[in-house]
Amino acid sequence: MTGQTPRTRRAIANLKRICDEDLNGRYELQIIDVLEHPEQAETEKILATPTLIKQLPPPLRRVIGDLSDKDKVLLGLDVWPRLPEGERDSSA
Amino acid sequence: MSEKDTRTIRPEVDATVQVLLVTRTGESPLLRLRERSRFELDLVAGVAEAADRLCRDPADVVVIDGNAPPEPAELERLRDGLNGATLLVLADDFAPGFAPLMEQLGGAACLLPASAPVAVQAQMVAMAADRARLLAGLRDRVAELEERTHELDRSRARFQDVIERNADAILVVDGEGHIRFANSVAAALFRSERAALIGSPFGFPVLLGETTELDLPRNGSSLVVEMRVVESEWEGEPAFIASLRDITERKRAEEDARRLIREQAARSAAEAAAARFRFLADAGTVLSLPLDDRETLTTLAQLCVNDLADWAVVYLIDDDGLLQRIEVAHRDPELADVADALRDYPLSPDDRHPAQEVLRTRDPLLIPHVEPDQLVQMTRDARHRELTEQLGIASLMVVPLVARDRGLGAIALVSASGARPYDADDLAVAHDLGLRAALAVDNARLFREAQEANRGKSDLLAVISHDLRTPLNAIMGYSDLLALGIPDVLSETGRQRVDRIRMSATHLLYLIDELLSFARLDAGHEQVRLQDVDAQAVTRDVAAVLEPLAVERALALHIDVDSPSLELRTDPDRLRQILLNLVGNAIKYTAHGSVRLAARLVDGWVEFRVSDTGIGIAPEHLEHIFEPFWQADQSQRAQHGSTGLGLSVVRRLVQLLGGSVKVDSELGRGSCFIVRLPQRTTEDAAA
């Protein structure tokens with residue numbers, strides 16, 4: 001993210017929702033502010049934010065935007081949440 | 001563009017073969033070909049003509065006589081004008097003159113054996129024609145393809161232009177999130193080379209709706225960019241076309257505009273609040289003026305109409321306890337008649353009129369938007385409703401008039417147009433106004449009652465004074481006669497007793513005067529008659545009256561006037577009353593020693609000092625002694641026989657004369673009363 005902007009806040013809120021609802025606590029999240037750590041922007045080749053990078057499990061995937069479309073985010077990250085037994089549809 | 005580029009070029013097998021035959025003589029073995037329907041023969045006399053003819057009518061095959069080689073120049077012209085036709089030289093062998101031409105023509109020319117059978121000749125001519133045709137076809141095809149390529153190039157150039165001239169940065173992002181294309185605006189936006197961007201990771205774009213916003217980090221701060229994404233294709237694979245627009249300025253302008261609106265709203269709210277306070281302040285000022293009932297109500301109604309309402313109604317409870325419409329004021333003078341008509345319209349006690357309700361509950365009522373059915377409920381009949389509608393009723397507030405816990409009536413405030421519906425803040429102002437107004441109305445009423453009571457009191461006082469004096473005068477009259485020895489001379493004891501009667505009667509008269517003075521002063525009816533008064537004369541008069549009393553109590557009485565010509569403009573009777581009171585008190589409360597009356601001029605004030613060597617006054621009593629009916633202890637009252645009104649009368653009188661009185665005292669040492677009166681007064685201050 002790039003500092004505290006409305007976009008940052010929206011993205012973090014959406015991300016929290018996804019983590020809570022779909023990942024069931026099985027995740028590790030690192031939030032990097034490229035204003036505070038410009039070298040990270042260079043290393044990771046961040047052109048714009050909010051950018052979400054899924055490092056593990058491979059493959060490495062990157063998603064950019066406001067993260068509000070949960071299904072698209074998961075699709076872009078190549079993450080398939082396991083549906084609990086008996087539940088049919090997890091999409092909002 | 002969807003046609004396949006590879007297309008087999010096949011000669012048309014059954015097409016007619018066009019042959020241009022050059023024969024000087026008009027004779028030729030090839031004329032036999034005419035027998036076959038495939039061949040169409042055209043004859044020309046020479047090579048030059050053949051060249052000309054080819055310009056107008058292209059042929060598939062040109063046949064020249066091998067035995068008569070043309071001039072080199074003609075041959076060149078022919079060569080240049082072949083237009084794809086195949087050249088056949090009819091001979092069994094190439095004559096020498098043909099050699100160079102044949103070299104140049106290569107596969108475009110061939111020997112047609114003159115002695116070959118016609119079938120063979122026909123076959124060879126047909127083959128030559130096929131070649132020509134194939135060539136022509138190929139040429140056309142090539143031209144077509146070239147045209148298409150140019151068209152494609154132009155088209156690409158146009159699109160490129162569109163993409164480049166686009167003000168937005170455009171990226172093509174593949175399914176893995178990598179950039180496959182970037183326009184120059186994008187390169188500028190990301191401060192990178194286009195080549196560097198290609199292949200860079202961007203991300204799988206995720207947005208809800210048509211656009212989303214991104215932050216671009218830029219030296220310690222960031223740009224805001226709006227991104228729009230459409231799904232598309234790139235080189236046969238699914239891809240995204242993202243266009244990005246720098247909206248940092250727009251966002252800043254939006255925030256500025258929002259802030260401006262917030263500031264303006266705050267300013268408006270503050271101004272509205274200030275206006276309300278101003279209104280209340282004005283109202284407070286107007287209502288605190290002394291007015292009678294009627295005036296107060298008119299003023300009140302007008303007050304409301306100026307700022308707060310288009311028209312207002314004041315309701316009051318009359319003597320029978322019924323609510324009446326007392327005053328109706330409308331902003332528009334042309335509606336004054338309607339206002340009057342409404343005022344005079346009867347209001348019965350069982351009406352469900354808002355004023356009745358409000359008075360009963362003592363709670364204010366606010367109707368921001370008056371609905372038609374509400375109007376029907378509020379009015380008692382069609383005429384009432386009509387009058388109300390004529391005056392206009394869009395928004396309504398009714399507040400109670402309650403003062404000193406008594407319900408007096410109500411005020412209704414009406415906004416005639418819907419443009420400015422009343423809100424909670426307006427109601428607060430109206431409620432406050434109602435409370436002040438109620439107080440003002442109640443005060444006006446009390447004032448009137450007090451005035452009437454005062455009138456009553458004065459009349460009573462006059463009667464009492466007369467009724468009390470008459471017998472007293474009789475007592476004093478008869479005692480005088482007895483003292484004079486009328487009808488009989490009295491014995492010594494008798495005389496003493498008569499003297500005591502006289503003294504008591506005099507004292508009683510004095511007390512009555514004091515009481516009357518106080519009462520009159522209290523009622524505020526006293527007038528002051530100003531004269532030029534000689535201080536010395538007044539003090540001498542006072543001394544003369546009280547000298548005997550002082551002598552009787554073995555006290556020295558000193559008179560001390562500063563200068564012989566000390567004059568002041570005041571009421572001499574009142575001044576005498578004041579000094580008599582103070583000096584008399586001094587004498588009464590001093591057991592032994594002296595009493596002193598002094599007068600002097602200090603800064604335009606004449607100061608009278610009455611000092612004694614009496615018992616003094618305790619400090620905690622000092623502030624009370626000028627109060628009516630107050631005495632340090634009851635025993636004193638009994639002893640001195642006074643009403644306790646003396647000093648309060650003194651204070652009132654002093655105030656009446658525009659002056660002041662105070663006391664200094666010390667227990668056991670004595671007291672000193674100081675009266676200051678202005679030497680010169682203005683006429684109206686003494687009124």
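Start by selecting the residues on both sides of the boundary: between chain B and chain A there are nine residue pairs in polar contact, counting pairs with both residues at pLDDT 80 or more. Keep in mind as you click around that this is a predicted model.

**Stop 1: the side of chain B that touches chain A**

Colour chain B by secondary structure and look at the side turned to chain A. Strand E8 (204–206), strand E9 (211–218) and strand E10 (221–234) of chain B are the elements that give two or more residues to that side. E9(B) has the largest share, with six residues. Now recolour the touching side of chain B by residue class: 15 of its residues are nonpolar, six are polar and four are charged.

Zoom out a little to take in both partners. On the chain B side 25 residues are in contact, and they meet 25 residues of chain A. The area buried between the two chains is about 2100 Å², and carbon and sulfur atoms give 61% of that. To see where chain B pays most of its part, show B:Phe204, B:Val206 and B:Asp215 as sticks: these lose the most area to chain A, together 31% of what that side buries.

**Stop 2: a strand pairing across the chains**

Next, select strand E2 (residues 61–65) of chain A along with E8(B). The two strands run parallel and are joined by three bridges. For a landmark inside the pairing, pick A:Ile64, which stands opposite B:Pro205 in E8(B).

**Stop 3: charges at the boundary**

Stay between the chains and switch on the charged side chains. The count between chain B and chain A is four salt bridges. One to put a distance label on is B:Glu213 with A:Arg10, where the closest N and O atoms are 4.0 Å apart.

**Stop 4: salt bridges inside chain B**

Which salt bridges are worth a look away from the boundary? The structure holds 46 over all chains, so here are a few within chain B.

Begin with B:Arg133 and B:Asp60, whose closest N and O atoms are 2.6 Å apart. B:Arg133 lies in helix H4 (residues 118–165) of chain B and B:Asp60 in the loop between helix H1 (47–56) and strand E3 (61–65), so this pair ties together parts that are 73 residues apart in sequence. B:Asp60 counts as buried, at 11% relative accessibility.

Slide along the helix to B:Arg141 and B:Glu144, a salt bridge with its closest N and O atoms 3.1 Å apart. The two are separated by about one helical turn, because they sit three residues apart in helix H4 of chain B. Buried or partly exposed, then, for each partner? B:Arg141 is buried, with a relative accessible area of 8%, whereas B:Glu144 is partly exposed at 31%.

Then jump to B:Asp560 and B:Arg596, with closest N and O atoms 2.7 Å apart. Since B:Asp560 lies in strand E18 (residues 555–561) of chain B and B:Arg596 in strand E20 (residues 593–602) of chain B, the pair ties together parts 36 residues apart in sequence. B:Asp560 is partly exposed at 33% relative accessibility, and B:Arg596 is partly exposed at 33%.

To finish with charges, select A:Arg7, A:Arg10, B:Glu213, B:Asp215 and B:Lys251 in one go: salt bridges that share partners join these residues into one network.

**Stop 5: a few buried spots**

Over in chain A, centre on A:Ala41, in helix H2 (residues 38–44). A:Ala41 counts as buried, at 14% relative accessibility. Leaving out residues up to four places away in sequence, A:Ala41 touches A:Val34 and A:Ile46. Then draw a C-alpha to C-alpha line from A:Ala41 to A:Met1: they are 40 residues apart in sequence and 9.7 Å apart in space.

Back in chain B, where does B:Thr23 sit? Its place is in the loop between strand E1 (17–22) and strand E2 (39–44) of chain B. B:Thr23 counts as buried, at 8% relative accessibility. Setting aside neighbours within four places in sequence, B:Thr23 is in contact with B:Leu43, B:Val44 and B:Ala45.

Last selection: helix H19 (residues 646–656) of chain B. Among the buried residues of H19(B) are B:Leu647, B:Val650, B:Leu653 and B:Val654. Step just past the end of H19(B) to B:Gly658, which takes a positive phi of about 80°.

Notes
Residues are numbered from 1 along each chain as its sequence is written. Chains are lettered from A and ligands numbered from 1 in the order in which they are written. This is a predicted model: local features need pLDDT of at least 70, side-chain atom pairs count only at pLDDT 80 or more; totals for chains, interfaces and linings use all residues. Side-chain values use heavy atoms; hydrogens and water are left out. Contact means heavy atoms within 4.5 Å. Buried area is the accessible area (1.4 Å probe) that two parts lose on being put together, summed over both. A polar contact is a pair of N or O atoms within 3.5 Å; within protein, one must be able to donate a hydrogen and the other to accept it, and residues adjacent in sequence count only if both atoms are side-chain atoms. Helices (H or I, at least four residues) and strands (E, at least two) are DSSP runs, numbered from the N terminus. Ala, Val, Leu, Ile, Met, Phe, Trp, Tyr, Cys and Pro count as nonpolar, Asp, Glu, Lys and Arg as charged, and the others, Gly among them, as polar. Two strands pair if DSSP finds at least two bridges between them. Buried means under 20% relative accessible area, exposed over 50%, partly exposed in between (1.4 Å probe, protein chains only).
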